[in-house]
Amino acid sequence: MEGSASTLGVAVGAEPRETFVINVGPQHPATHGVLRLKLTMDGEYVTRAEPVPGYIHRMHEKMGENRPYAKFLPNTSRIDYLSAMHYTHAFVGAVERAARLAPPPRAEYIRVITSELNRIASHLVWFGAYLLDLGGFTPLLYAWADRERILDLLEGITGSRLTYCYYRFGGLCNDVDNEFIKGAKDFVIHMRPRLDMYRRLVTDNIILRKRLEGIGHISQETCRKYGATGPVLRGSGVPYDVRKIEPYSVYPELDFAVPVFPQGDCMARYLVRMEEMRQSLRIIEQALDKLPGGPVQAKAPRVLKLPAGDFCCAVEAARGRFAVRLVSDGGEIPYRVKLRTPSFSNLSLFEEASAGLMLPDALALLGSLDLVIPDIDR
Amino acid sequence: MADASCQIAAQRLPAGGRRAPGGQGGAGVAQQLGGGGLAAHVGEIGRGFWSLVIGLGVTLGEFFRPTITVRYPHESLKMTARFRGHVELAPDPATGRPLCVACGSCQRACPSSCIVVEGSKREGERRKSPTVFRLDFTRCSLCGACVEVCPTRGLRYSKEYNLAGTDKGAYVFDLLKRLQAGKK
Amino acid sequence: MSLAEPIRLLLFLAGLLAFVGLNAAWLVWVERKSAGRFQRRPGPTEVGYEGLLQPVADGLKIISKQLNVPPNSDALLLRLAPTMVLAPAMMCLATIPFSETLAARNINVGLVMVFAFGSINVLALMLAGWASRNKYAIISAARVVSQDVAYEVPMFLVVITMLMITGTMDLRQIVEQQAGGFWRWNLFKVWLNPLMPVTFVVYFTCMLAETNRAPFDMAEAESELVAGAFTEYASFSWGLFFMAEYANLVVGCAVGTILFLGGWDSPLGVLPGLFWFGLKLYLLMFAVMWVRWTFPRTQFYNLLNLSWKILIPISLIILVITSVMMKLF
């Protein structure tokens, strides 16, 4: 075809197969964010996928180095805006460990409730966007309707809908009211049948099953090599969840299961997340029942100086293990704030896992990794 | 590693999903015809078709439910009590003057340097009052540090969300003027 | 009072053109509104009452855009392709009886004519992709051809089954055979073909695949990358493809109505035949949209597998069973 060589600038030599390079991104039709993938294609098949991140690098870690701890709080929500509560939790947890601050039990329970609500909201966004990638337009809107209820609940107590700045060092910035508690209980009752509806409409659907089963296999060895965590790891059969391995907050007092599926294909990762939503509902129910009274803020110094040293806190965010490492030199301003984000590690295995897949299957694999690009670039 | 009691093992595979990992295309059908037999294959087709019918039933049910959309701008929602619009000066209910004493705590607490406040003591008063109070909303992240750090509870969140505009300068709010104009 | 035949024909053809045009425009409205209702949202509401004038606004927008022809492409074929997609659909409509008296031209091999012209559609899409001289368009067009050819086989097998039952290719006679009450419709003639509902489903699926509607729109919704075979088409040419898609859908649903649902036959005997034909036609169209907004897209090899490995065996079985049943009864 005379058009191809000149339009693409590919040298047609004596190679047995001509490969060409296409760019997927940085602007996607689907809502992944600004990620550029350089795909070397042999006809329909991807021979090499090179992710080129960095389009939304906002230097959060550098910002951590030139402002006091309290002023870094808004940044934490914006690293991964879909599961903002978890990220704030990790940072606040690291500072609390360093400063020996213990938040009161009511604050801990409310943190767990809001974090799990945030996890469900994040998984709903993933669900809708993933189905959109695969060509089903309607489940997106249904997921959005459920997410609206969560966002309305969280707006009632925090005032924000996406980037909450709700946790403070030693507790929360304000208490929840009875309207929230009743709303959260109603939400749990409302959401369970909706999850059944998603199963009937989407999960059991033969078209979706044919798109996801057996596609994009990721072995446990690959996950270990690249440090993948979260549903990617649990979809390959490794029962690693920070809430069980390195328990924090009041998770040890709550009874919930960690879904693990051994197949390692896109369907397994999909099922992990759907089941996680169910387990989050269980956690929210129990936490609401066990919610103690009392204050929500422990006494914390106005100007916070952490002792010199190295402090770390890891949480199970919606995408995987998010860890904050603080290195303090004794002053008001940290020496180093290191953010270990799950999407960066989850993306790294894409190159290896997508080799030899057809393009739509490679994109199905990308969607199943549940990447949030600002989380990769920070 | 975590104990086995906390895992949900994958006993319930979706019905019929027995493809080889990484398999592409319909090789599975030939295997099934040879291995599982015709009945199994027909059963799978039937189950697959039935899953489509159930899906159609779900969407038809949703078709007859009312729409969720609020048709803005014909209708609008009432903001919750704690909604975080941009901050505004809180007046003293008795005098109507700002509670702010121009101490500058909010200016120092802001992570994004949004606030500029200057003040002086008026004749016969014990405390300063603000003469300039500017909020650069283009940089504000609504973190709430200013509201929380204020010693007199002089700042509160407004309920403004209708903030479309064409000029960046329109987002540098003069909060004293706003208070005097009596906007709520 | 009978008009001279050529004038009558001309009026009918003008009417058909108007029918196709109005259908394309307001079916978009129906599609967007029903998509909205399936998704619990209102759909277009601003332009006109409940958005009824939205197609007018969209049409004005499409016409006002620049018609650019890429320099490398084959200009003649590029401009010809949209017409080649639309014209056969309109010609098929010329032979479809909308009611007892409304048919542009009754042809005694009407059924064969419809499918013959329907196959030109495939060629036209390939031309569209080829003439664009754009690598992605060509790949996508090749896929469309492969998909359409694959689904024509079960479609024809099903139609042959129906032909065995009706014994005639004349569309008007097929409808007249089913007149007199809905139990006489072909869909319910299970003593002749016990798998009649399955036959109808196979026909419906093949029609969806032939017109490249979701869930079989892999080729054009390769907008994971680019816009598929229509990449190089701007404004009105693209609008023509769009119209052609809806025209093809109308033809497919009309033939389905005639073959299975009794055409203009009325189950209640009160309202005119045209009303019933329109009702059945648009119910089928609604079902097409319903399917589109419910399911995700099939992967390409699954699409072909469905045709070659599932639908063709099923249609062959139906054919054999029907012939046996017809011999026995």
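# A tour from A:Ala323 outward

Start by selecting A:Ala323. Leaving out residues up to four places away in sequence, A:Ala323 touches A:Ala90, A:Cys312, A:Cys313, A:Ala314 and A:Arg340. The model is predicted, so keep that in mind at each stop.

**Stop 1: A:Ala323 itself.** Is A:Ala323 buried or exposed? It counts as buried, because it has 20 C-beta neighbours inside 10 Å. The residue belongs to strand S8 of chain A, residues 321-328. Now add A:Ala90 to the selection and draw a distance between the C-alpha atoms. A:Ala323 and A:Ala90 are 6.5 Å apart in space, yet 233 residues apart in sequence.

**Stop 2: the hairpin.** Select residues 309-316 of chain A, which is strand S7. S7(A) runs antiparallel to S8(A), and eight bridges join the two. One place to check the register is A:Gly309, which stands opposite A:Ser328 in S8(A). Which residues link the strands? S7(A) and S8(A) form a hairpin with four residues between them. In that turn, look at A:Gly320: its phi is positive, about 150°.

**Stop 3: the sheet in chain A.** Add strand S9, residues 336-340 of chain A. Together these make an open sheet of three strands, in the order S7-S8-S9, with antiparallel pairing. S7 and S9 are the edge strands, and each pairs on one side only. From one strand to the next, the twist averages 15°. S8(A) and S9(A) run antiparallel and are joined by five bridges. To find one of these contacts, select A:Arg325: its bridge partner in S9(A) is A:Lys338. For orientation, strands of a sheet pair through backbone hydrogen bonds, either parallel or antiparallel.

**Stop 4: the helix across the sheet.** Show residues 84-99 of chain A, helix H4. H4 lies across S7 and S8 of chain A and runs at about 145° to S7(A).

**Stop 5: a helix pair in chain A.** Hide the sheet. Select H6(A), residues 138-158, and H7(A), residues 178-203. How do their axes meet? They come within 11 Å and cross at roughly 170°. That makes H6(A) roughly antiparallel to H7(A). Turn on side chains along the contact. From H6(A), the residues that take part include A:Asp146, A:Arg149, A:Ile150 and A:Leu153. From H7(A), they include A:Phe187, A:His190, A:Met191 and A:Arg194. Colour by class: the contact of H6(A) with H7(A) has 11 nonpolar, three polar and four charged residues.

**Stop 6: where chain B touches chain A.** Bring in chain B. Here 35 residues of chain B are in contact with 41 residues of chain A. On the chain B side, three elements give two or more residues: strand S1 (7-8), helix H2 (38-63) and helix H4 (145-149) of chain B. Which element gives the most? H2(B) does, with seven residues. By class, this side of chain B has 19 nonpolar, 12 polar and four charged residues.

**Stop 7: a sheet in chain B.** Stay with chain B and select S3, S4 and S6. They form an open sheet of three strands in the order S3-S4-S6, with antiparallel pairing. S3 (115-121) and S6 (172-174) of chain B stand at the edges with a single partner strand each, so one side of each is left without a neighbour in the sheet. Neighbouring strands in this sheet are turned by 15° against each other on average, direction ignored. Zoom in on strand S4, residues 128-136 of chain B, which pairs with S6(B) in the antiparallel sense over three bridges. B:Asp136 has B:Val172 in S6(B) as its bridge partner.

**Stop 8: where chain C touches chain B.** Now show chain C. In this interface, 14 residues of chain C are in contact with 17 residues of chain B. Helices H1 (5-38), H9 (273-294) and H10 (300-328) of chain C are the elements that give two or more residues to the chain C side. H10(C) gives the most, with four residues. By class, this side has seven nonpolar, three polar and four charged residues.

**Last stop: chain C as a whole.** Switch chain C to cartoon. It has 10 helices and zero strands. With 329 residues, a compact globule would have a radius of gyration near 20 Å; chain C has 20 Å, which agrees. Its C-alpha atoms fill a box of roughly 60 × 50 × 45 Å along the principal axes. Of the 329 residues of chain C, 47% count as buried. Among contacts in chain C with a separation of 6 or more, 77% come from residues 24 or more positions apart.

Conventions:
Residues numbered from 1 in each chain as written. Chains lettered and ligands numbered in written order. Predicted model: local features only at pLDDT ≥ 70, side-chain atom pairs only at ≥ 80, totals over all residues. Pairing = 2+ DSSP bridges. Axes fitted to C-alpha atoms, helices over the stretch in contact; angles between N-to-C directions. Contact = placed C-beta atoms within 7 Å. Nonpolar A, V, L, I, M, F, W, Y, C, P; charged D, E, K, R; others polar. Rg over C-alpha atoms; globule rule 2.2 N^0.38 Å. Buried ≥ 20, exposed ≤ 12 C-beta atoms within 10 Å, placed from the backbone. Parallel < 35°, antiparallel > 145°, perpendicular 65-115°, else oblique.
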